[in-house]
Amino acid sequence: LDELKSALRAFDGCALKKTATNLVFSDGNPAADIMIIGEAPGRDEDRLGVPFVGAVGQFLDHMLASIGLDRSGVYLTNFLPWRPPGNRTATAEEIDMLLPFLYRHIQLANPNLVVILGGAPAKILLQSSDNILKLRGRWQDINFGDGVLRPTMASLHPAYLMRSPAQKRQAFDDWYGLYHRL
């Protein structure tokens with residue numbers, strides 16, 4: 001993982017790196033059974049170089065606590081390691097360029113369960129055109145390029161839940177399902 005982080009730091013092929021303040025690689029326990037993948041770093045994450053900080057991170061911490069976990073029991077990363085300028089959506093070219101790094105990140109962490117938070121990464125990693133409300137809560141075995149099928153579930157991103165509190169019940173159902181897989 002340290003070598004992958006160093007490779008990303010040295011990688012100059014992606015324009016996102018030039019506009020971001022920091023590489024946002026990971027947080028939590030790299031040996032955890034659960035790997036949580038968010039969308040892209042926000043302003044706070046970019047400033048601190050850590051995924052899921054600020055209000056969104058606090059909300060995620062409450063979600064984890066609801067099933068008896070904290071950051072020491074999960075491994076956190078983002079679909080993109082650098083914040084897109086103005087929080088814009090990543091281009092297809094940026095996604096194609098950075099997806100192999102994410103796949104390698106998953107392979108090296110080797111989690112037993114993968115949770116994808118947010119519609120954009122869910123569509124790409126689950127290879128679906130469905131929206132997050134249709135994708136969420138269903139476990140699928142996904143091969144992230146190493147021949148290992150990992151149970152993977154998409155759920156609603158904490159930032160979305162903060163904007164759409166009526167959806168919290170669905171997210172709770174997803175996390176309850178995760179709890180029963182532990």
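Me: Buried means under 20% relative accessible area, exposed over 50% and partly exposed in between (1.4 Å probe, protein chains only); what relative accessible area does Phe144 have?

Reply: This is a predicted model, in which local features need pLDDT of at least 70 and side-chain atom pairs count only at pLDDT 80 or more, while totals for chains, interfaces and linings use all residues. Residues are numbered from 1 along each chain as its sequence is written, and side-chain values use heavy atoms, with hydrogens and water left out. Phe144 lies in the loop between β5 and β6 (149-155), strands being DSSP runs of E of at least two residues and helices runs of H or I of at least four, numbered from the N terminus. Phe144 is buried, and its relative accessible area is 0%.

Me: Which residue forms an aromatic pair with Phe144?

Reply: The whole structure holds 3 aromatic pairs (ring centres of Phe, Tyr or the six-membered ring of Trp within 6.5 Å; planes under 30 degrees apart are stacked, over 60 edge-to-face, the rest tilted). One of them is edge-to-face, with 5.5 Å from centre to centre and 85° between the planes, and joins Phe144 to Tyr103.

Me: How many residues apart in sequence are the parts that this pair ties together?

Reply: Tyr103 is itself buried, with a relative accessible area of 17%. Because Tyr103 belongs to helix α5 (residues 92-109) and Phe144 to the loop between β5 and β6, the pair links parts whose separation in sequence is 41 residues.

Me: Which strands stand at the edges of the sheet?

Reply: The open sheet is built from 6 strands with mixed pairing, in the order β1-β3-β2-β4-β6-β5, where two strands pair if DSSP finds at least two bridges between them. β1 pairs with β3 in the antiparallel sense through 2 bridges, and Asp27 stands opposite Leu76 in β3. Two strands each have a single partner, so one side of each is left without a neighbour in the sheet, and these are β1 (27-28) and β5 (139-143).

Me: How many bridges join β2 to β4?

Reply: On one hand, β2 is joined in parallel to β3 (residues 74-78) by 5 bridges, with Thr77 as the bridge partner of Ile37. On the other, β2 pairs, again in the parallel sense, with β4 (residues 113-117), where Leu113 stands opposite Ile34. The number of bridges between β2 and β4 is 4.

Me: Which residues of β2 point the other way from Ile34, Ile36 and Gly38?

Reply: In a regular strand the side chains alternate between the two faces of the sheet. Strand β2 (residues 34-38) is mostly covered, 5 of its 5 residues being buried. Ile34, Ile36 and Gly38 point one way, and the residues that point the other way are Met35 and Ile37.
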